[in-house]
Amino acid sequence: MTALNTVDRPTAGWQVASSALLRARELGILLAILAVFLVATAKNHAFANSHSVQQLLSGAALIALLGVGETLVIVTRNVDLSVGSVVGISAYVVGMTFKHHPGLPVLLGFVLGMAIGAFFGAINGLVVTLLRVPSLVVTLAALYIIRGIDGVIVNGITIDPGSIPKGYQQVGYRTLFGLPWLAIIVIVVVAVVGYAMRSYRAARELYAIGSNPEAAALAGIRTGRRVFTAFLVSGTLAGLAGSLFLALHAQVDVTGGNGYEFLVVAAVVVGGVAIFGGSGTVFGAALGALLLNTINQALVSSKVSPFWNDAIAGALLLSAIAFDRWLSLRVARSLRSASGAHRDV
Amino acid sequence: MSETAIKPPTVPAYRGEDAGSVALWRRALRWEAALLVVLVAVLIFGSAESSTFLSSTTFFFTGLNMGEIAIMALPLLLIVMVGEIDLSVASMLGLSGAVMGNLYQNGSSIWLAMAVALLVGALGGALNGLLIAGFGLPSIAVTIGTLTLFRGLAEIILTNPTTKLFPTSLTKIGVLPVGGTQLAYSAAIFAVLAVLCAIVLHATPVGRSLVAIGLQPEAAQFSGIRVKRITFVLYVVSGIICAFAGILFTLKNSSASYGAGTGLELTVVAVVLFGGVSIFGGRGTVVGVVLSVIIVGALQQALTQMRVQPEVQNIVTGSLLLISVIVPNAGELLGRLRARTGRR
Amino acid sequence: MSTGELTEPLLVLDGAAKSFGPVKALVDGSVTLYPGEAHALLGENGAGKSTLVKILAGVYQPDGGRLLVDGVPVSFSGPAASRNAGVSIIYQEPTLFADLTVAENIFMGRQPLGRARAIDRRRMNAEAKAVFARLGIELDSDRPARGLSVADQQLVEIAKAISLEAKVLVMDEPTAALTGVEVERLFEVMRTLREQGAAVLFISHRLEEVFASCQRVTIMRDGSFVRTDAISEIGIDDIIRSMVGRDLDSLFPKTATEPGEVVLQVSELSREGVFSNVSFEVRKGEIVALAGLVGAGRSEVARAIFGIDAHTSGSVRIHGVELPAGSPRAAMAAGIALVPEDRRQQGLVMQLGIDQNVALASLGRLSRFGLIRRADERRLALSWGQRLQLKFGRMGNAAATLSGGNQQKVVLAKWLARNPDLLIIDEPTRGIDVGTKAEVHRILDGLVAEGMAVLMISSELPEVLGMADRVLVLHEGRISVSLQREQATEDTIMRAASGLPAGEAA
């Protein structure tokens, strides 16, 4: 009975390795951000001043916010490519509303943006879960349709700063304790969702679904409902990001949010979220967004041609996934030879 | 399972000459038939809305507009057939144009510039292939990475659009059809490539291997199919063909710029999926993709002639894409709903 | 020995039926479980046991029959309903979430909550530890499930069932991957559960385990109930006859042949961390069986010989010519064929037509000017279909439409069409009905009589004993013993497979 207890297990080593791996990922990104920051500051001292740092945070905020929602979706083995166009349409509709009804309270702009996002998120979620259509295709179609609707609404008219309430614009540039409002909002969202993803049953079920869909069904998890919720949250946060987009840029036209979908997926994956689901945190995703933006700003500040930005971002994403793969292969191998076993799964 | 055991041995082992139909084919052909109906509907709609729709000019411009998208759709079809994806196609188009433009602007011969562009395409494809087939990384993440990387390299290589005039003997492909026809050059090239692609996919061992890989990669490997090698080669081919599309795009516009074709990757994916190619791999035909290209192109022409905003075309593309995946699943959904209500 | 006959049954399944299209997976599934009993469910592969289990699990809804829990008729709308009724299933393949911790796997959906309905991780880990303590095992509850051995994964599944306070515990071949010590411990756990008044439905292929751990036995054949008996009142021969429904001799035809020249020579073959120093030969006209526990490395050796995985040292020679590592193409060219373990994933492309599956390994030969000749392809499939007495509707139908046995014939046809010198066949009759099983054995016997060399991997001891000329037993990646046909018995093989020293003529 106790015979097996004495058998050497690779448990301890593996566990240390794996939890360290998770923590190392977030720590690693943090260190990378720091390194980029230091190098950029060394080249141009202005990079470290408070204004520049605020810009850094504001710039990363939108992608980080979208990354939070995207993480929820990707963790369930799905993907949401429609977030960029949701940002665009929500920003424009909120701007248009303020233009036609200048007296509306500022808060309403955010509520409206989130409602628009929730609407599209719900449609995505319904089609994916009810019709069992692959999310890549559904959200790609949604990307087009939403962008098309946006174009019809915009009809060539740009919303300019003049039509947006001052109070609303302040959200985009005012600071509190040196932190931009925008960043504070996103940090709160990241903290809340990050905590929830760790500590609530429904959120853990998202991980279970992505980790092993069949087992999730056998465990009685209502997969459809959970996946729907993930899309709903992703849409809602994209809608909020649209509202913030408007506050930050104080203007919007038909191109608002164009191309964000790939930026977001890149940030999330750099942040350590497995593209095939089951693992990753929203903290990692947010840090991934911050790293990408820090590099971006550092290039600008260091007077390196900003044209390097995309190339570096792409190379970073590739190295991140390649590194993950290398690490997991290494861990698997060391596990195998450590136990001498042949029964690993 | 017990069925075969109970059957008396007198049941003939096979039924004479086989009907020769293939389940997959039949299923796919149904979608192609639907596409054909849609195409006819689009043509009727277009000619009802505009008297000039059914003209050779429309035909020429459809070919001109869709040419590069259509050409890039073919290697993507093969990649989706094996259950992978390539989102870097449009960036490769841009990169190839940038390489070609930079070289030509700096005095190299046009032919050398084009050759180097193709080589860059092969190298870029090899990078994708190495990471995906060699290293086993998820293609969606890899090609989002190379999408950004290739576009970034294009920006570095060619910061400003070229100003030096390309030889008019080559740029005429942007204005003139193939001699004696109304076929745009890029459309003609697409037609040739489509026929080649159809032969490879539907009639050769390699094509059969692609289907097997897409449906069940493990079974393919256990049948001696070199899954990794084939996947790698597909990405290299995709890189070369997209680079070629970049050359066409550049000549057509008589100028290279790093931003060429930005965002086209999604259109190419949409065209392929609307053509009935399953995103999970293993199911799809060249005919479907060709029909899809024509429908999307004709619809765009029709809407343009009706002076409908380009944004509405996005709605149409998106809706078509959505319909193409919902319709095949709708039957199953109805069955599920019926089963559920029946049980209660 | 209390059979619990005096009390009310915990669970009664009576006459359950389930069909999938034309395939009747279950015709009459019946079993009655009393509190405090361990009840064995026996039957050949394809007898309908797994379907019965999935009905109890709420995964399948039966087409007919009735199900009573505590005397009350119930119908499970899904796995959750079954779980709530006190039924827990431990599947053959553990169904864990690799990315989540052990404790979370146990308590998924029922995690203990603390303030603000947030998961109380400390309590969750403590409760997991308490369950492990009850089972007398030690396992870190806070580590991820990824990397656990199959045995440990099964323990996690059992811990899950126990934490659910399950009244009925169904174990579908839980011992297939376990070593002797681990099996002992599992029996200990079963005893504990029985003492607490639960019923255990135990499915196993190893009769000696059934005799060691169960009080009653239900036997199924071809999707139907055959008999239920107290274990003390039934003998091994009765059980086998009831399961097979015919004499064993007809199931395992064996023509005596004289082995010829060496076809396959494996020397010191190793794959780091998987198996090591495996050496053996297979000659023309003989069947060599690789036996051992699931996970002992049998399939892995086959994969390395065929080149699916590259070996790290040692060599594989066919007719004296060494094969390059990791190249199925080279292995095929040298005359090796591999009928893999997992027919549905590895053997067939399920959605492809029967003819295309048969042709898949011979496409080069069927092409001219690089184009596949469809007529030749179909002719090839038809001729092999005829030779192997394949029962099918149309050659163009997807392989998925065939029964398990006929699917296996398609895989055989695919490889025999290449006219190989060496046939490696991994679990030749897994999931096949008894009738086709005998046919497959006859086919193998015929091939060997014609001079083919066969390397057979099987978890079914009767098959190994009935078909093999020699038996190699793998234990933890090494060959622990090599037995001639006359030396091989259930006992010698099982001892070697569990890593025990050979008890002289036990």
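At what angle do the axes of helix α8 (residues 185-203) of chain B and helix α9 (residues 205-215) of chain B cross? Here are a few notes on that, and on the rest of chain B, for you to read beside this predicted model.

1. To take the question straight away: the axes of α8(B) and α9(B) cross at roughly 65° and come within 5 Å. Angles of 65 to 115 degrees count as roughly perpendicular, so that is how these two helices, α8(B) and α9(B), stand to each other.

2. If you would like to look at the contact itself, α8(B) brings V200(B), L201(B), H202(B) and A203(B) to it, while α9(B) offers V206(B), G207(B) and L210(B). By class, the residues of this contact between α8(B) and α9(B) comprise 5 nonpolar and 2 polar, with no charged ones.

3. Stepping back to the whole chain, you will find 14 helices and 0 strands in chain B. Of the 344 residues in chain B, 54% are buried. Among contacts in chain B with a separation of 6 or more, 79% join residues 24 or more positions apart.

4. A friendly word on confidence. Chain B has a mean pLDDT of 84, with 87% of its residues at 70 or more. Among the elements of chain B, helix α5 (residues 110-134) has the highest mean pLDDT, 96, and helix α1 (residues 3-6) the lowest, 30. Residues 1-23 of chain B have pLDDT below 50, and this stretch makes 56 contacts in the model beyond near neighbours in sequence. Where pLDDT is low, the predicted coordinates should not be read in detail.

Definitions and conventions. Residues numbered from 1 in each chain as written. Chains lettered and ligands numbered in written order. Predicted model: local features only at pLDDT ≥ 70, side-chain atom pairs only at ≥ 80, totals over all residues. Helix = DSSP H or I, 4+ residues; strand = E, 2+ residues; numbered from the N terminus. Buried ≥ 20, exposed ≤ 12 C-beta atoms within 10 Å, placed from the backbone. Contact = placed C-beta atoms within 7 Å. pLDDT = per-residue confidence, 0-100. Axes fitted to C-alpha atoms, helices over the stretch in contact; angles between N-to-C directions. Parallel < 35°, antiparallel > 145°, perpendicular 65-115°, else oblique. Nonpolar A, V, L, I, M, F, W, Y, C, P; charged D, E, K, R; others polar.
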